[in-house]
Amino acid sequence: MSIFLVLVLTGLMSALGTFITEGKTSAGVSLTLGYLLLSAYFIGGSFKRIGLPKLTGYIATGVVVGPSVLGLIGGAMLESTRIFNGVAIGRCGPSSAASARSASTECSARRCC
Amino acid sequence: VAGAALLLLLGPSAARAAPDAGSGDAGAGALDAGAIAPDAGASSGPAPARTGGEKAPLERVARAPIVAPLPAVELDPSLAPVIEGRDPAAAAVPVAPAERPGVVIRTIVGLLALMVLAYLGGHRRVLAWEKRLGISQVITAGFPFVVLGMLGRSSSVGILSDSILAELGPLLRLGLGWIGFVAGIRFDTRMFQGLPPGTVRIVALTTLFPFAFLVGASATLLFLFSEQPFEPGDPVFLRDALILGTAGAMAAVTSTRSLSRNGSKTVLSRVIRLEELAGVIGLLFVAAFFRPQGASWQMPGTAWILLTIGLGATAGLLVYAILQRQAENADFLVLTLGSISFAAGAASSLLLSSVVVAFIAGVLLANFPGVYHERLREMLFRLERPIYLLSLVIVGALWRVDDWRGWVLMPVFMALRLAGKWLGTALAASYGGLALDADERRAIAMPPLGPLAIAIVTNALLLYPGGSISLIVSAVIGGGVLTELFLQLLSRRRSRLSLAPGSS
């Protein structure tokens, strides 16, 4: 089902992409953001089911839909979605720090016991 | 429906006003659009250049479009970042090296503050506090965010510069999609089972009168403001008047708060839902019949209507399939956000209304069977207010307050909207067959403007970015605030009079 949904999304994205001539409109960014969120979610889930990390699935999605392979998301569009890199890194930092802190607390607790 | 009737009535005159509309520009447009060019004969006009002068039988029966094509309008420079995004070729505004850290810190802190304020604005304690103060109506509560947007855009503050606005542009489209989706998800058809007789008549009258008043008055005023010669079928006047009329017909569901009986609240909220449906239909017609410049396909308005409905249905089915998955809360948010962003982006790519497409998808999801309804509603309603408030910041940044014509339209919008609502309610109460008490009648006749009205004009601003459309935005935002201030004053005066000694 996940693969079918990704194929449908990719078909729609490919068809709609033909209308975005300049590749840098806010409509295109909105479409790209939605497509990336959904397809990465499903492909990440599929990777997890076969025992691979979700993150690998997200990266694989980016490689396949990016300018190098399918070209669904062109270079100009990637440039326009740069803001999400910053947001993602900003989100990952505190999240990783929180995980590290909780792991370290857990270790200390084990030592105490 | 009234908009469609008006378009059909004005059709012949519009076609006469532009006898070669569709055969010249539109035909050339069809030639430019390679994908659809072979069907141009069946669309808005023939393509003489391609047929080599000899008319094919299909071309002889091709009709002129109902509405003449919109003239080419230069993109408003203040809207360009939001419409076109960041231009990589454009040189960045030079900032002295010594000032750069200050600019960066100010921008980050400013954007963070806006996000925090938007989050707090949607918090239930803040909502309760607003309710106690009597400023709980959506537009009054959101107006400070419009002002923040204006301030942020000003050169002295400079938080919302062109490049920042370009980055935030997709947020505005997402916000419009979100508002449309929320309006659609509220449209559960079971809600309309067992409607008291006469309800539909009330909806028709209270929608039609403000619509008609506003269309007439705004067309006249826009003509007076314009330096062009008057033509009854001028597509720009007609488009702007229809948008203003459609937005004016919307009412806020918060007007039910003044009612004490639960039964009255239920009926009135259904009336408002039906009015929202009328507003969405109005926007659907405007976006389909008044195609923006740059639309690559040349098709009749009815084909654009079908395409919009089809796109909305496709988005609805897709989201339905996506939401069938069992997901954690954070994953569910990602799926919802991605689905709405995709639907809004798809609509915007085709230069269709993202509010309408998301509304159709939302209606389908509200009425399909499944176990996701409560969770989806909770998610949508939780984020509705912060997203709406952030959208208002961008709207404020794009608002052209320096144009005096917008300020003239504001009180006219308020007065004619309320007059239309009052007259429609009075007629419905007299001849409509539904008994209304004084409170119910007041709530229907004097409602504040709903958030869908703001979404309608903002969507129009994104579809037609240039010319007189910014006046319509000023009229609706300013008129909405004036309406709420007027209604507050009226309500307080009524409370004072009822408390006065000797009052019954």
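Let me begin with a single residue, B:His373, which is buried in this predicted model, its relative accessible area coming out at 15%; because the cut-off for calling a residue buried is under 20%, B:His373 falls on the buried side of that line. As for where B:His373 sits, it belongs to helix H16 of chain B, the helix that spans residues 373–398. If we set aside residues up to four places away in sequence, the residues that B:His373 touches are B:Leu365, B:Ala366 and B:Phe368.

Now let me turn to the interface between the two chains. On the chain B side there are 33 residues in contact with 31 residues of chain A, and between them the two chains bury about 2,800 Å², with 68% of that area on carbon and sulfur atoms.

Which elements of chain B give two or more residues to the side that touches chain A? They are helix H5 (80–84), helix H9 (162–185), helix H13 (301–323) and helix H14 (329–349), each of them in chain B. Of these, H14(B) gives the most, contributing 13 residues to the side of chain B that touches chain A. Sorted by class, that side of chain B holds 16 nonpolar residues, 10 polar ones and seven charged ones.

How many salt bridges, then, are counted between chain B and chain A? The count is zero, even though the chain B side does include those seven charged residues. For polar contacts between chain B and chain A, the count is one residue pair, with both residues at pLDDT 80 or more.

Terms used: Residues are numbered from 1 along each chain as its sequence is written. Chains are lettered from A and ligands numbered from 1 in the order in which they are written. This is a predicted model: local features need pLDDT of at least 70, side-chain atom pairs count only at pLDDT 80 or more; totals for chains, interfaces and linings use all residues. Side-chain values use heavy atoms; hydrogens and water are left out. Contact means heavy atoms within 4.5 Å. Buried area is the accessible area (1.4 Å probe) that two parts lose on being put together, summed over both. A salt bridge is a side-chain nitrogen of Lys or Arg within 4 Å of a carboxyl oxygen of Asp or Glu. A polar contact is a pair of N or O atoms within 3.5 Å; within protein, one must be able to donate a hydrogen and the other to accept it, and residues adjacent in sequence count only if both atoms are side-chain atoms. Helices (H or I, at least four residues) and strands (E, at least two) are DSSP runs, numbered from the N terminus. Ala, Val, Leu, Ile, Met, Phe, Trp, Tyr, Cys and Pro count as nonpolar, Asp, Glu, Lys and Arg as charged, and the others, Gly among them, as polar. Buried means under 20% relative accessible area, exposed over 50%, partly exposed in between (1.4 Å probe, protein chains only).
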